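Thank you for making time for this one. Please take a moment with the sequence and the structure before I start, and then we can walk through the fold together.

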Amino acid sequence: MEVEDKRRPMYDYIERIQEDITVEMRGILVDRLVKLDEVYEFVEDTLYLTVSYIDRFLSSKSVHRQRLELLGLSCMFIAVKYEEIDHPSMEEFSCITNNAGITKDEMLKMEREILRLLNFEMGNPTIKTFLRRLITRVTAQEGSISALNLKLKFLGYYLAELSLLDYGCIKFLPSMVAASVVFLSKFTMQPKVHPWNSALETYSGYGSFDLKDCVLAIHELQLKKKWGSLVAVRDKYKQQKFKCVALLISPSEIPSTYFEDINL
């Protein structure tokens, strides 16, 4: 499903479709939605679906910058209704952005527009879909103690959410981002140990060479070389409940040998 055109955004929609929205504006919007997601403690997939809907919509229709926040909130409200058992009302959602002056009627109109444009195809596989399975396989394979398993899981979740901020990561399939996140999480925790092996290659469908560009892109985010001013994800994962994984220091360079396809 992840490779179907109807479920994939354009990797260059800001250059090709948008006339008034910049890469920076998209990043700021996602950062705000992360904060909102944290306030309501939505289930894990809601944020990923929200960003997917935003990117797919913007791949098809030009939007004025003044309507970008309306689009983001409406996409999140649709994702909430898709994923959550109990969720806030549309009135509450519209009230949380008093500064933007978004009304319930505007959200209803935008919701209809989104659903029509996406042809009611709302059930995308996301990064989290693949990451959940890969993390389970890694922890079962390595048989490490539960505290390390939990830290690895939260580190993976942190890096995956960082990738949502970066417009450049849209070009990578969700399954590739998930595999790259696992690669980078293992490298961060044990930089002297090769983070990939034949079992993970078989299970994910990606060799270490395949992941190189994606891993390096997310590594730049982790090192704050990109989007360092957007702090919602970093602040979220500095919390003790997430084992403070945002404070983990990753080596500044990943050995090139880790990206060589060798018999592991």
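**Overall fold**

Read from one end of the sequence to the other, the protein follows the pattern α-α-α-α-α-α-α-α-α-α-α-α, and the count behind that pattern is 12 helices and zero strands. I should say at once that what you see is a predicted model, so please keep that in mind throughout.

Let me begin with the overall dimensions. Taken along the principal axes, the C-alpha atoms of the protein fill a box of roughly 55 × 40 × 30 Å. How does the radius of gyration of the protein agree with that of a compact globule? With 264 residues, a compact globule would have a value near 18 Å, and the protein has 19 Å, which agrees. Of the contacts with a separation of 6 or more, 80% are accounted for by residues 24 or more positions apart.

Turning to the surface, the protein exposes about 12,500 Å², and carbon and sulfur atoms supply 51% of that area. As for charge, there are 34 positive and 37 negative side chains, and the centres of these two sets lie 2 Å apart.

**The inside**

Of the 264 residues, 52% count as buried. The largest nonpolar core has 86 residues, and the members that touch the most other members are Leu58, Leu71, Phe93 and Tyr158. If we take Phe93 and leave out residues up to four places away in sequence, the residues that Phe93 touches include Leu36, Tyr40, Phe42, Leu73 and Met76, and also among them are Phe77, Val80, Pro88 and Met107.

A buried residue that sits in a loop is Thr126, which is placed between helix 6 and helix 7 (127-142). Thr126 counts as buried because its relative accessibility is 5%, where the cut-off for buried is under 20%. Not counting residues up to four places away in sequence, Thr126 touches Asp45, Tyr48, Leu49 and Pro174.

Asp45 and Leu49 come up again when we look at Glu83, which lies in helix 4 (residues 68-83). Leaving aside neighbours within four places in sequence, Glu83 is in contact with Val43, Asp45, Thr46 and Leu49. Glu83 has a relative accessible area of 28% and is therefore partly exposed. The C-alpha atoms of Glu83 and Asp261, which are 178 residues apart along the chain, are separated by 38 Å.

**Helix 6 and two positive phi values**

Is Lys109, in helix 6 (residues 104-117), buried or exposed? With a relative accessible area of 55%, Lys109 is exposed. The C-alpha atoms of Lys109 and Ser74 are separated by 9.3 Å, although these residues are 35 residues apart along the chain.

Finally, I would like to point out two backbone angles. Glu41, in the loop between helix 2 (23-40) and helix 3 (44-58), has a phi near 55 degrees, which is a positive value in a residue other than glycine. Glu41 is exposed, with a relative accessible area of 59%. Lys243, which lies in the segment after helix 12 (232-236), is not a glycine either, and its phi is positive at about 60 degrees. Lys243 counts as partly exposed, at 32% relative accessibility.

Key
Residues numbered from 1 in each chain as written. Predicted model: local features only at pLDDT ≥ 70, side-chain atom pairs only at ≥ 80, totals over all residues. Heavy atoms only, no water. Core = buried A, V, L, I, M, F, W, Y, C linked by side-chain atoms within 4.5 Å. Buried < 20%, exposed > 50% of the residue type's maximum accessible area, 1.4 Å probe, protein only. Contact = heavy atoms within 4.5 Å. Helix = DSSP H or I, 4+ residues; strand = E, 2+ residues; numbered from the N terminus. Rg over C-alpha atoms; globule rule 2.2 N^0.38 Å. Areas by Shrake-Rupley, 256 points an atom, 1.4 Å probe, with all protein chains shown as cover. Lys, Arg positive; Asp, Glu negative; His and termini not counted. Charge placed at Lys NZ, Arg CZ, Asp CG, Glu CD.
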